[in-house]
Amino acid sequence: MQEKLEDAHKFKLWKNNLIANGLKINKIDEHFTRRRYNGEVLFSLLMLDAETPEGDKIPPICFLKGEVVCVLICLVDKATREKYLLLVKQRRIAEGGFTYEHPAGMVDGTMTPLAIAVQEVREETGLEISENQLMDLSGKRTFPATGTSDEAVYLYGCEIEMTGEEIAAMNNKEMGTEYEFERITTHVVPFLEGHRLINNTNALLLNYLYLTKVRDFELMSKL
């Protein structure tokens with residue numbers, strides 16, 4: 001059964017935020033909606049006719065995506081104290097090539113962002129973590145593209161001590177869910193090398209936020 005746009009958690013969240021911030025909504029046109037395997041609204045392209053409290057028209061195009069989580073996993077070698085990033089490698093539509101990113105996923109309204117973060121780490125890397133292991137690195141919802149999308153990101157970090165053998169075992173695992181058409185491979189690399197592999201702005205920012213949180217300014221100076 002297909003979810004109606006007006007019933008979708010992400011649509012109601014977006015619309016309610018517009019109203020809470022004083023916008024007068026005249027009309028919302030749904031131009032295209034992509035749904036997940038279960039009929040849930042995944043993305044939607046909308047045209048908005050709305051006025052600001054100042055009496056201006058707001059730019060009309062919105063790519064409705066909703067809230068997402070992004071989780072930095074830092075594996076620390078118990079013997080050497082070297083830090084490794086646990087990244088996920090997959091093809092992305094931005095260029096069609098492979099990207100190296102932190103585990104991430106969409107918030108659907110049935111679970112908290114923290115619970116979704118735990119779930120995504122498990123599905124994309126096979127690593128079992130708990131909510132209390134996660135550090136909140138943003139402290140609030142952040143917006144990568146405020147002019148064209150409602151996408152809001154929660155940024156988390158997790159630091160886990162492992163033996164060298166355990167860290168190596170996390171590399172090159174085939175992960176992802178078939179029903180989401182995900183083809184993901186885990187990629188474990190020294191922190192500095194991983195930072196240079198990443199071309200996702202949120203992921204780069206997350207590296208700096210994590211190093212600031214744990215006060216590893218020596219490593220930060222090398223990025």
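How many of the 11 residues of strand E9 are buried? I would like to open with that strand, and I should say at once that what we are looking at is a predicted model. The answer is nine, so that E9 counts as mostly covered, and I will come back to its partners once we have gone over the protein as a whole.

The protein has six helices and 11 strands. Along the principal axes, its C-alpha atoms fill a box of roughly 60 × 40 × 35 Å, and the radius of gyration is 19 Å, which agrees with the value near 17 Å for a compact globule of 223 residues. Of those 223 residues, 41% are buried. If we take the contacts between residues at least 6 apart in sequence, we find that 58% of them join residues at least 24 apart.

Let me return to E9 and to the strands around it. Strand E4 runs parallel to E9, and 11 bridges join the two; within that pairing, Cys70 stands opposite Leu155 of E9. Strand E8, residues 135–136, runs antiparallel to E9 and is joined to it by two bridges, with Asp136 having Tyr156 of E9 as its bridge partner.

That brings me to the nonpolar interior. In soluble globular proteins, nonpolar side chains tend to be buried together. Here the largest nonpolar core has 22 residues, and the ones with the most contacts inside it are Ile73, Leu75, Leu127, Ile129 and Leu134. Two or more residues come from each of strand E4 (67–77), strand E5 (83–91), helix H2 (113–125) and strand E9 (152–162), and it is E9 that gives the most, with five residues. If you would like one residue to look at in this core, I suggest Leu134, which, leaving out residues up to four places away in sequence, touches Val71, Leu114, Ala117, Val118, Ile129, Tyr156, Gly157 and Cys158. There is also a second, separate core, this one of 21 residues, and Phe191, Tyr210, Leu211 and Leu219 are included in it.

Next, a polar residue: is His102 buried or exposed? His102 sits in the loop between strand E6 (98–101) and strand E7 (104–106), and yet its relative accessible area is 1%, which is under the 20% cut-off, and therefore it counts as buried. The side chain of His102 is joined to that of Asn207 by a polar contact of 2.9 Å. Apart from neighbours within four places in sequence, the residues in contact with His102 are Cys70, Val71, Leu72, Leu85, Leu87, Val88, Ile198, Ala203, Leu206 and Asn207; you will recognise Cys70 as the residue that stands opposite Leu155, and Val71 as one that Leu134 also touches.

I turn now to the N-terminal part of the chain, where three strands form an open sheet in the order E1-E2-E3, with antiparallel pairing. Strand E1 (24–35) and strand E3 (61–64) are the edge strands, each pairing on one side only, and the twist from one strand to the next averages 25°. E1 and E2, the latter covering residues 41–51, are joined by 10 bridges, among them one in which Phe32 has Leu45 of E2 as its partner. The hairpin that these two strands make has five residues between them, and in it Gly39 takes a positive phi near 90°. Helix H1, residues 9–20, lies across E1, E2 and E3, and it runs at about 20° to E2.

Finally, one residue on this sheet deserves a separate word, namely Glu30, which lies in strand E1. Its relative accessible area is 41%, which falls between the 20% and 50% cut-offs, so Glu30 is classed as partly exposed. The side chain of Glu30 makes a polar contact of 2.5 Å with the side chain of Thr33, and, not counting residues up to four places away in sequence, Glu30 touches Leu5, Arg35, Ser44, Leu45 and Leu46. Leu45 in that list is also the bridge partner of Phe32. To relate this residue to the interior described earlier, Glu30 and Leu114 are 84 residues apart in sequence, and their C-alpha atoms are 30 Å apart in space; Leu114, you may recall, is one of the residues that Leu134 touches.

How values were computed:
Residues are numbered from 1 along each chain as its sequence is written. This is a predicted model: local features need pLDDT of at least 70, side-chain atom pairs count only at pLDDT 80 or more; totals for chains, interfaces and linings use all residues. Side-chain values use heavy atoms; hydrogens and water are left out. A nonpolar core is a set of buried Ala, Val, Leu, Ile, Met, Phe, Trp, Tyr and Cys residues joined through side-chain atoms within 4.5 Å. Buried means under 20% relative accessible area, exposed over 50%, partly exposed in between (1.4 Å probe, protein chains only). Helices (H or I, at least four residues) and strands (E, at least two) are DSSP runs, numbered from the N terminus. Contact means heavy atoms within 4.5 Å. A polar contact is a pair of N or O atoms within 3.5 Å; within protein, one must be able to donate a hydrogen and the other to accept it, and residues adjacent in sequence count only if both atoms are side-chain atoms. Two strands pair if DSSP finds at least two bridges between them. Axes are lines fitted to C-alpha atoms, for helices over the stretch in contact, and angles run from 0 to 180 degrees between N-to-C directions. The radius of gyration is taken over C-alpha atoms; the globule rule is 2.2 Å times the number of residues to the power 0.38.
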